[in-house]
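Visitor: Please bring up the model, and let us go through it by asking how each term is earned.

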Number of protein chains: 2
Amino acid sequence: MADKYQCLKLDNQLCFPLYAVSKEIVRKYKPFLDEVDLTYTQYIVMMVVWEDEKVSVKEMGKKLFLDSGTLTPVLKTLEKKGLIERTRSKEDERNLIVTLTPSGKALKDKAVDIPAKMGGCLNISPDDAMELHIILHRIMETL
Amino acid sequence: MADKYQCLKLDNQLCFPLYAVSKEIVRKYKPFLDEVDLTYTQYIVMMVVWEDEKVSVKEMGKKLFLDSGTLTPVLKTLEKKGLIERTRSKEDERNLIVTLTPSGKALKDKAVDIPAKMGGCLNISPDDAMELHIILHRIMETL
DNA sequence: TATAATTGAATTGTACACAATCTATTTTGA
DNA sequence: TCAAAATAGATTGTGTACAATTCAATTATA
């Protein structure tokens, strides 16, 4: 008869491998991110600004699934580094608008190699990558 | 011609969906973990102790991919809650051995429902779950 | 139209995560 | 055998995450 605690084993969980793989990949990123002097969180924030050029904290939070409690200090750090600017919207002073500085824009060219370098580390088949992508998107929709 | 910055878009990354899904699932866990008064990290630590009954910090770190900098404070918290005991090994005083208290053992019966409750939230097909599990394990091996 | 409700960020407090360093204990090897 | 190397945890410092609260600006409504 099956152990009634079987479900409590780490190996049988779905969440734990996700949690562990996610953390380990971020750790693998570190040497490449060090080259551009960004943490992983700072990197994904920059990815949003690189793509949009002009974003409110609210919009950014929706894209990254992060709230102002996390974003405010990260954005202040990136501003101190001279990569972005934070200004209140004139139409609605509640909105804080994030824009790229020339220095932030320049960094985009240095960052462009990072995804490929990471891919090289991962050693995952294109099929697996595609499949994983699809499943993760499906999960995200249900959440 | 394709945008040379295409690779820098969040949607085209593999790491970001992993990071986001992992965080969102942990957040979904929260109401169920609140019922047993554990955080997610405390929960996975307890899962190791429930399975092994007697583990060193080193072994636990290997299973959870966490170092002593993370585990030491978590273990101290769990000790304060009366769920575990921390004692130095007599054979080798460098090793700290974690064991279950009766109260910690009793909690296992309350926790046994959590994985099923979570599964109910997730709404993922058994096929997807299996496939995801396999891919994540394959990635973990290459890391 | 004044006030209440809502909204978007910032702040506060708690809890990880992890690199780097430190300390005590054990093991090695000249 | 005894000093050097290795090992296991603890500590320190930085940077997220996130819930809960606060605050200022805007919108809705009685």
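Visitor: What makes Val57(A) a polar contact of DNA strand C?

Guide: A polar backbone atom of Val57(A) is 3.2 Å from a phosphate oxygen of DNA strand C, and because a polar contact is a pair of N or O atoms within 3.5 Å (within protein, one must be able to donate a hydrogen and the other to accept it, and residues adjacent in sequence count only if both atoms are side-chain atoms), the pair qualifies. The backbone of Lys58(A) likewise places a polar atom 2.8 Å from a phosphate oxygen of this strand, whereas for Lys23(A) a polar side-chain atom lies 3.3 Å from a phosphate oxygen of strand C.

Visitor: Where do such values come from?

Guide: This is a predicted model, in which local features need pLDDT of at least 70 and side-chain atom pairs count only at pLDDT 80 or more, while totals for chains, interfaces and linings use all residues. Side-chain values use heavy atoms, with hydrogens and water left out, residues are numbered from 1 along each chain as its sequence is written, and chains are lettered from A and ligands numbered from 1 in the order in which they are written.

Visitor: Which residues come nearest to DNA strand C?

Guide: Tyr19(A), Ser68(A), Thr72(A), Arg86(A) and Thr39(B) come nearest, out of 28 residues around the strand, where a residue is near if one of its heavy atoms lies within 4 Å. Of the atoms of strand C within 4 Å of the protein, 81% belong to sugar or phosphate and the rest to bases.

Visitor: What makes Ser68(B) a polar contact of a base in DNA strand D?

Guide: An N or O atom in the side chain of Ser68(B) is 2.7 Å from a base nitrogen of DNA strand D, so the pair meets the definition already given. Phosphate oxygens of strand D are 2.6 Å from an N or O atom in the side chain of Thr72(B) and 3.4 Å from one in the side chain of Arg27(B).

Visitor: How many residues surround DNA strand D?

Guide: There are 29, and the closest are Thr39(A), Tyr19(B), Lys58(B), Thr72(B) and Arg86(B).

Visitor: Why are the two copies said to be related as by a two-fold rotation axis?

Guide: Chain B can be laid on chain A by a turn of 180° and a shift of 0.0 Å along the axis, with an RMSD of 0.0 Å, the superposition being by least squares on the C-alpha atoms of residues with pLDDT of at least 70 in both. The two copies are therefore related as by a two-fold rotation axis. The same surface serves both, since 100% of the contact residues of chain B (contact means heavy atoms within 4.5 Å) recur in chain A.
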